[in-house]
Amino acid sequence: MKVIRGIPPATDWTPCALTIGNFDGVHRGHQALLKKLVAKAKALQVQSCVMTFEPHPIEYFAPEKAPARILGLRDKLEALAEIGIDQVLVIHFNQVFANLSPEAFVKDILVDGLKVKSILIGDDFHYGAKRAGNFSDLQIAGQQFGFSVERMETLVEDQERISSSAIRLALQNGQMDRAQQLLGRPYMLSGHVLHGQKLGRTLGFPTLNLAVANRLHKRKPAAQGIFIAQVHGLSDNPLPAVASLGQRPTVDDSGRYLLEVHIFNFQQNVYGKLVRVELVKKLRNEEKYNDLETLTTAINNDAVAAKNYFEINDHV
């Protein structure tokens, strides 16, 4: 899959079938739309293309109101690639892009820039400055410029919409099985292993540290707490672990979110490596302790609970 940041020159582009959206989570509803897009592109013998935004528009306009991210950009791109999307346009969302009128967005970006032959969108899609353009406007533009426009309704299961909001709620409540059901896959976060304070090592629980949020845009992870986990990417099979995803209130007052993972019986040096951490089951919420001794006892209890879980459940 080809990833392009920003709109390339028209001379560099070939005709495409396009969809547009944030696609946070790339959940089963997104997957249904994206698979339909891939089929449409093959039928038209053009490239399938996803246009997405970084940062999300709401993160740009009102970062304090932005919902927690389900996936970071790296994980989102990987999920799109697995579906078979040919290319992804990552648009840097800024004031210039936000000020584009619906007409300019269609003519300058979609028609002249991307040579769009077909557009497939979700049922809540709007475009252009102040979200002024809607599905009907896009249909009219398609008739004018010669591209087809199709809308796909939200996927509903057991009378409930499969949505990013529903997944965020499940993750917030620690319902990892529910999140997996809506996503269509286990919930995982990826990152490069960073050097930390080495505090876990002194407490007897060395950890892999991964940055999973961006303070610049005031992002926070959708899931927080202490989890039974599995680490992918360091061996042929996932490695059993216990993980903490949060702000480490006992030892850190910076407000930074960090994913710390203690892999059982693992002593390799893996700094800089890219790993994926699967959050299998939530054990509890993060807590602030009065001293390191109490913290160490809590970590030990979490590790015992995770080991007992893996002895009973065949995850690895």
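## Loops, helix pairs and a pocket

Pro 55 sits in the loop between β3 (47–54) and α2. The model described here is predicted. The bond leading into this proline, from Glu 54 to Pro 55, is a cis peptide bond, with omega near 0°. A second loop, between α1 and β3, holds Gln 45. Gln 45 is not a glycine, yet its phi is positive, at about 60°. Most residues other than glycine have a negative phi, and most peptide bonds are trans.

Next come two helix pairs. Two packed helices are described by the angle between their axes and the distance between the axes.

| Helix pair | Angle | Axis distance |
|---|---|---|
| α7 (residues 164–172) and α8 (residues 176–183) | about 160° | 8 Å |
| α5 (residues 102–113) and α6 (residues 135–145) | roughly 55° | within 12 Å |

Take α7 and α8 to begin with. They pack at about 160°. Angles over 145 degrees count as roughly antiparallel, and α7 and α8 are therefore roughly antiparallel to each other. The crossing of α7 past α8 is left-handed. From α7, the contact uses Ala 166, Ile 167, Ala 170 and Leu 171. From α8 come Met 176, Arg 178, Ala 179, Leu 182 and Leu 183. By class, the contact of α7 with α8 has eight nonpolar residues, no polar ones and one charged.

Now α5 and α6. Their axes cross at roughly 55°, which makes α5 oblique to α6. Here α5 passes α6 in a right-handed crossing. On the α5 side, Val 106, Lys 107, Leu 110 and Val 111 make the contact. On the α6 side, Leu 138, Ala 141 and Phe 145 do so. The contact of α5 with α6 divides into six nonpolar, no polar and one charged residues.

The last topic is empty space. Rolling a probe the size of a water molecule over the atoms shows where empty space is left. In this model, the largest pocket has a volume of about 1300 Å³. Its lining counts 41 residues. Closest to the pocket centre are Ile 20, Gly 21, Asn 22, Asp 124 and Arg 131. Several elements each give at least two residues to the lining: β2 (16–20), α1 (28–44), α2 (57–61), α4 (95–98) and α7. By class, the lining of the largest pocket has 19 nonpolar, 14 polar and eight charged residues.

Helix α7 appears in two of these topics. It packs with α8, and it supplies at least two residues of the lining of the largest pocket.

Notes
Residues are numbered from 1 along each chain as its sequence is written. This is a predicted model: local features need pLDDT of at least 70, side-chain atom pairs count only at pLDDT 80 or more; totals for chains, interfaces and linings use all residues. Side-chain values use heavy atoms; hydrogens and water are left out. Axes are lines fitted to C-alpha atoms, for helices over the stretch in contact, and angles run from 0 to 180 degrees between N-to-C directions. Helices (H or I, at least four residues) and strands (E, at least two) are DSSP runs, numbered from the N terminus. Angles under 35 degrees count as roughly parallel, over 145 as roughly antiparallel, 65 to 115 as roughly perpendicular and the rest as oblique. A crossing is left-handed if the near helix is turned anticlockwise from the far one by less than a right angle, and right-handed if clockwise. Contact means heavy atoms within 4.5 Å. Ala, Val, Leu, Ile, Met, Phe, Trp, Tyr, Cys and Pro count as nonpolar, Asp, Glu, Lys and Arg as charged, and the others, Gly among them, as polar. On a 1 Å grid over the protein atoms alone, a cavity is a set of points where a 1.4 Å probe fits but cannot get out, and a pocket is an open set with protein on both sides within 12 Å along at least five of seven lines; lining residues have an atom within 4 Å of a point. Grid points are joined across faces, edges and corners, and a volume is the space filled by probe spheres set on the points.
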